[in-house]
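Welcome! Have a look at the protein below, and then we can walk through it together, one feature at a time.

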Amino acid sequence: MNQPKYRIEIFWSDEDGGYIANVPDLRYCSAFGESYEEALREVLVAMELHLDTLEELDRPIPEKIAGIVGLGYFEVYEDRDHKYRWQFRSVDTGEALVRTSYGYSDKEDLERSMDLFRAHPFGAEVEKLTTE
């Protein structure tokens, strides 16, 4: 199945004591992680299972975010606390599709976080499309 692309929101929850990753366009599709990376990894798995289940039940697959084709690129920046962050932006709209909420003081840690995103089939497919 050619997986559509969806926006992922990841944020810290004091109430839950960890990171919550949510896919707004897929109702009830979210995940928890003790780290930002774990939340991202878990929500990507949840998203794939969610879409597979909809397909198996012959239910409609929700439309991806309007105007976003799924082609994108990484943007790395330094915040005011001198921590490195990344976001993955749509080539078509410039909108951030995925944004790290964690600041990295080490560029190697930042790269590992981006590699984690690339390693998942959704990320790998998006990365592949941007290099063709």
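## Two exposed residues with positive phi

Keep in mind that this is a predicted model. Let us begin with D58, which counts as exposed because its relative accessibility is 72%. You can find D58 in the loop between α1 (36-56) and β4 (72-78). Its backbone deserves a look too: phi of D58 is near 55°, a positive value in a residue other than glycine.

Y28 is another residue to look up. Its phi is near 70°, again a positive value in a residue that is not glycine. Where does Y28 sit? Y28 belongs to the loop between β2 (18-22) and β3 (30-33). With a relative accessibility of 70%, Y28 counts as exposed, since the cut-off for exposed is over 50%.

## The overall plan

Now step back to see the whole chain. The protein has three helices and six strands. Starting from the N terminus, these elements follow the order β-β-β-α-β-β-β-α-α.

How much of the protein is buried? Of its 132 residues, 39% count as buried. The surface that the protein exposes comes to about 7800 Å², and 47% of it is supplied by carbon and sulfur atoms. As for contacts, take those with a separation of 6 or more: residues 24 or more positions apart account for 42% of them.

## A cluster of rings

Next, try picking out the aromatic side chains. The structure holds two aromatic pairs. One of them joins W12 and Y19 in an edge-to-face arrangement, with 5.1 Å from centre to centre and 75° between the planes. W12 counts as partly exposed, because its relative accessibility is 43%. Y19, at 12% relative accessibility, counts as buried.

Y19 also forms an edge-to-face pair with Y36, where the centres are 6.1 Å apart and the planes are at 85° to each other. Y19 lies in strand β2 and Y36 in helix α1, so this pair ties together parts that are 17 residues apart in sequence. Is Y36 buried or exposed? Y36 counts as buried, because its relative accessibility is 1%. Put the ring pairs together and you have a cluster that links W12, Y19 and Y36.

## One salt bridge

How many salt bridges does a search of the whole structure find? The search finds one. In this salt bridge the side chains of R85 and D79 meet, at 2.8 Å from N to O.

You may like to check how covered these two partners are. R85 has a relative accessible area of 18%, so R85 is buried. D79 is buried as well, with a relative accessible area of 15%. Both values fit the rule for this class, because buried means under 20% relative accessible area.

## A loop residue and its contacts

Our last stop is S105, in the loop between β6 (96-99) and α2 (107-119). S105 is exposed, because its relative accessible area is 54%.

Which residues is S105 in contact with, leaving aside its neighbours within four places in sequence? They are K83 and Y84. Try finding Y84 in the sequence and then in the model: S105 and Y84 are 21 residues apart in sequence, and in space their C-alpha atoms are 6.1 Å apart.

How values were computed. Residues numbered from 1 in each chain as written. Predicted model: local features only at pLDDT ≥ 70, side-chain atom pairs only at ≥ 80, totals over all residues. Heavy atoms only, no water. Helix = DSSP H or I, 4+ residues; strand = E, 2+ residues; numbered from the N terminus. Buried < 20%, exposed > 50% of the residue type's maximum accessible area, 1.4 Å probe, protein only. Phe/Tyr/Trp six-rings, centres within 6.5 Å; stacked < 30°, edge-to-face > 60°. Salt bridge = Lys/Arg side-chain N within 4 Å of Asp/Glu carboxyl O. Contact = heavy atoms within 4.5 Å. Areas by Shrake-Rupley, 256 points an atom, 1.4 Å probe, with all protein chains shown as cover.
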